[in-house]
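User: I have a model open and want to go through its charged pairs, its metal site and its backbone outliers. Please keep the answers short.

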Amino acid sequence: MSALDTLLNDLIIANKVLAKEEIVDAYGHISVRHPDKPNHFFLARSLAPELITRDDIVEHDLECNSVNGDSRPLYLERFIHGAIFEARPDVNVVVHAHAEDILPFGIANGTPLRPVIHSGSFIGANVPVWDIADTFGDTNVLVANMAQGRDLAKTLAGNNVALMRGHGFASTGRSIIEGVRMAVFLPRNARALMKAKMLGGDIKYLSQGEIDGRNKGYSPYSPETWRTWEYWANKCGCGHMLSKPDDKK
Ligand code: MN
C-alpha cells in the first residue's frame, strides 16, 4: 500500500472512530492535508462520516473546490478546513463537529473552556470562541464561504481548538491520530469541567507546565498513542484496516 493509500485508509478509520465515539453524527467532518501537495486536502463528499468509504473521499484545493472534476455535492462547511489549512502550515488535520458537551462553553460568556484533565491537555491553555455574528451579523451560523472560514481561522490563530458560538468546534492536529484524539478528548474535558462547576467551589485547572509536559515530544506512533488508535479502530469495526506503526515512514 502506498503512503497516500495508507493515509486515506487512516482517514476512513478516523471518520468511523469519530462516529462511534459520538463526536460526529450525520454532521461533522475530518480532513487531512495532501502530503505531497500542501495546497490540497482530502475530505469526504457530503455524507455521514460513519458511511464513508474510499470512493467518497474527494481531493479539494484550498478554495474548497473539488480538483478532479467530482460533481457530487460537497460539505457546505468545507470552508472551515480550507481556511485553516491556508492559515496554518503546521496543521495537517482539521475536525469540525457539533459535540453537545462543548456547546455551553461557546454560549456562556466569561466561562472559558480550559484543560482540567490529563487527556484534555491536548486542547491547549487557550480555547478561543468564534462568533460568526461579530463580522457577519445574522446568518444561519454555518461557515458557508471562504470569508467566513478565514474569519474563523483568524480567531483560532495559533491555538489547537476554537469553539464556534451556538454551533460547535473546529480542532486541529499534526496527524490523523492526533486530530482524532483532540476531537474525542475535547468534549470529555468539557464534561469534566462542567460537572466540577456543578459541584461548586474553585476549579483547579491544569497548570501551564502540566499542559506543556503532556505535549512535549509528541509522536503519533508512540506505543501509548498507538494503543488508543488500535482500541478506537477495533471498537468501530475497523481493526482489519489498521496498518502497523512499523509500516509508517
Ligand atoms: Mn457545523
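User: How many salt bridges does the structure hold?
Analyst: This is a predicted model. Side chains of opposite charge can pair when their charged atoms come close. A pair counts here when a side-chain nitrogen of Lys or Arg is within 4 Å of a carboxyl oxygen of Asp or Glu. By that cut-off the number of salt bridges is 12.

User: Which residue meets Arg 150 in a salt bridge, and which parts does the pair tie together?
Analyst: The side-chain N to O distance is 3.3 Å, and the partner is Glu 63. Arg 150 lies in helix H5 (residues 146–156) and Glu 63 in the loop between S3 and H2, so the pair ties together parts that are 87 residues apart in sequence. The parts are thus helix H5 and the loop between S3 and H2.

User: Is Glu 63 in that pair buried or partly exposed?
Analyst: Buried means under 20% relative accessible area, and exposed means over 50%. Its partner Arg 150 has 34%, so Arg 150 is partly exposed. Glu 63 stands at 42%, so Glu 63 is also partly exposed.

User: Which side chain meets Arg 165 in a salt bridge?
Analyst: The N to O distance is 2.8 Å, and the other side chain belongs to Asp 131. The pair links distant parts of the chain, 34 residues apart: Arg 165 is in the loop between S6 and S7, Asp 131 in the loop between S5 and H4. Arg 165 is partly exposed, at 28% relative accessibility. The partner is Asp 131.

User: Which backbone nitrogen lies 3.0 Å from a polar atom of the Asp 131 side chain?
Analyst: Asp 131 sits in the loop between strand S5 (129–130) and helix H4 (132–136). Its side chain makes a polar contact with the side chain of Arg 165 at 2.8 Å. The backbone nitrogen at 3.0 Å is that of Ala 133.

User: In the Arg 174 and Glu 178 salt bridge, which residue is buried?
Analyst: The two side chains meet at 2.5 Å, N to O. Arg 174 has 41% relative accessibility, so Arg 174 counts as partly exposed. At 6%, the buried residue is Glu 178.

User: Which residues are linked in a network of salt bridges?
Analyst: Two arginines and three aspartates take part. The names are Arg 45, Asp 55, Asp 56, Asp 70 and Arg 72.

User: Which residues are the protein donors of the manganese ion?
Analyst: The donors lie 2.0 to 2.1 Å from the ion. Their sequence spacing is E-x18-H-x1-H-x68-H. One glutamate gives OE and three histidines give NE2. They are Glu 77, His 96, His 98 and His 167.

User: How many residues apart in sequence are the parts tied together by Glu 77 and His 167?
Analyst: Glu 77 lies in the loop between strand S3 (57–61) and helix H2 (79–87). His 167 lies in the loop between strand S6 (161–164) and strand S7 (168–173). Glu 77 is buried at 7% relative accessibility, and His 167 is buried at 7% too. The parts they tie together are 90 residues apart.

User: What is the phi of Cys 64?
Analyst: Most residues other than glycine have a negative phi. Cys 64 is not a glycine, yet its phi is positive. Cys 64 lies in the loop between S3 and H2 and is buried, at 0% relative accessibility. Its phi is about 75°.

User: What is the phi of Val 141?
Analyst: Val 141 lies in the loop between H4 and H5. Val 141 counts as partly exposed, at 22% relative accessibility. Its phi is positive, near 65°.

Terms used
Residues are numbered from 1 along each chain as its sequence is written. This is a predicted model: local features need pLDDT of at least 70, side-chain atom pairs count only at pLDDT 80 or more; totals for chains, interfaces and linings use all residues. Side-chain values use heavy atoms; hydrogens and water are left out. Donors are N, O and S atoms within 2.8 Å of the metal (3.2 Å for Na, K and Ca); water is not among the atoms, so sites may look incomplete. Helices (H or I, at least four residues) and strands (E, at least two) are DSSP runs, numbered from the N terminus. Buried means under 20% relative accessible area, exposed over 50%, partly exposed in between (1.4 Å probe, protein chains only). A polar contact is a pair of N or O atoms within 3.5 Å; within protein, one must be able to donate a hydrogen and the other to accept it, and residues adjacent in sequence count only if both atoms are side-chain atoms.
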